[in-house]
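Please open the model in the viewer and keep the sequence panel at hand. The tour proceeds from one selection to the next.

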Amino acid sequence: VTPRRQRQMCIRDREVSMLQGFDEKNRNLTVNIDGNLVHRDEAAVSPFDSSVQGGDAVWEGLRVYEGRVFRLEQHLDRLVHSAKALAFDGIPAREAVIEEIRRTLEANGMQDGVHIRLTLTRGVKYTSGMDPRLNQSGCTLIVLAEHKAPVYSKRGLSLVTSSLRRFPPDCLDPKIHHNNLIQSILAKIEANVAGADDALMLDMRGFVAETNATHVFVVERGRVRTPRVLACPDGVTRSAVLELCDRHEIACEQCDLSLTEVYRADEMFCSGTMGELAAVTTVDGRTIGDGQTGPTTRRLYDLFRELTRREGTLLVSR
């Protein structure tokens, strides 16, 4: 290890010690870059790669439960659909992507409590520039698997409404699950400054879209309500919640939600792959319900955990 590398590692060690959620098991991860399995400190993406040149990539977050990837097929559907919408050439076959996920999990000895960041870029350009015609070598696939428990506190989250609005389809179609997350990052900065956990984001009409990272649900008089996916992507975890409501006869609807309807809700929770289901207890300084995780949220969380125990594509076994 060179002196410069040692200094970088020492700086990194000090930084990660100050961050919440760092798992020591991730210190020596093996990362998959286009089929090459390398230590996290040696992983590299070309400066000519489209993800570096223009954030020109699509991604999915996956969770592994006891060797099974939850709703892998739905995630791969969204990945491929997004890549097609962006006119990627050389999209890898689904079987090839699954095999690289399996290789990465096996290389890290991972079975449970794992989150995967799956990224597909337009690939490497032969010279710097925005034009997709500069891409002649096909896509780049990146598989980053980490030991990562659900990231949100079960004690309840606080949200603050962002000043930024989610784009409608005529500006940038939210059905494309792309890597260009600047809008979400700016909203997250606002939440950080306000001392909140995340930012609630509205659409251009002033109705609730989602947070900077998750879909949202409110509960009023036992009825679950969630925004329509007009200014946010279709969510895999969101769809699972809707299915659970239908299967267990929990009243549910997809509709426009104003901030007033959020403030007066009896319960509120958010959903996403990285955080699963988590209660929201304050929004813009207003206490939601009694400020505790409500009974409908608890029931849906339990049903979701049961679902993840029995569903999924088995990729690794003990």
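**A buried glutamate**

Begin by selecting Glu276, which is buried, because its relative accessible area is 2%, below the 20% cut-off for that class. The model in view is a predicted one. Glu276 is found in strand 14, which spans residues 276–283. Next, inspect the backbone here: phi of Glu276 is near 55°, a positive value in a residue other than glycine. As background, most residues other than glycine have a negative phi.

**A glutamate in a loop**

Move now to Glu66, which lies in the loop between strand 3 (57–65) and strand 4 (68–69). Its backbone also merits a look: phi of Glu66 is near 50°, a positive value in a residue that is not glycine.

**A pair of helices**

Select residues 72–85 for helix 3 and residues 94–108 for helix 4. At what angle do helix 3 and helix 4 pack? The angle is about 120°, and the axes are 11 Å apart. Helix 3 is therefore oblique to helix 4. Viewed as a crossing, the passage of helix 3 over helix 4 is right-handed.

To display the contact, show the side chains of Leu72, Glu73, Leu76 and Asp77 on helix 3. On helix 4, the contributing residues are Arg94, Val97, Ile98 and Ile101. Colouring by residue class completes this stop: the contact of helix 3 with helix 4 comprises five nonpolar residues, three charged residues and no polar ones.

Notes
Residues are numbered from 1 along each chain as its sequence is written. This is a predicted model: local features need pLDDT of at least 70, side-chain atom pairs count only at pLDDT 80 or more; totals for chains, interfaces and linings use all residues. Side-chain values use heavy atoms; hydrogens and water are left out. Helices (H or I, at least four residues) and strands (E, at least two) are DSSP runs, numbered from the N terminus. Buried means under 20% relative accessible area, exposed over 50%, partly exposed in between (1.4 Å probe, protein chains only). Axes are lines fitted to C-alpha atoms, for helices over the stretch in contact, and angles run from 0 to 180 degrees between N-to-C directions. Angles under 35 degrees count as roughly parallel, over 145 as roughly antiparallel, 65 to 115 as roughly perpendicular and the rest as oblique. A crossing is left-handed if the near helix is turned anticlockwise from the far one by less than a right angle, and right-handed if clockwise. Contact means heavy atoms within 4.5 Å. Ala, Val, Leu, Ile, Met, Phe, Trp, Tyr, Cys and Pro count as nonpolar, Asp, Glu, Lys and Arg as charged, and the others, Gly among them, as polar.
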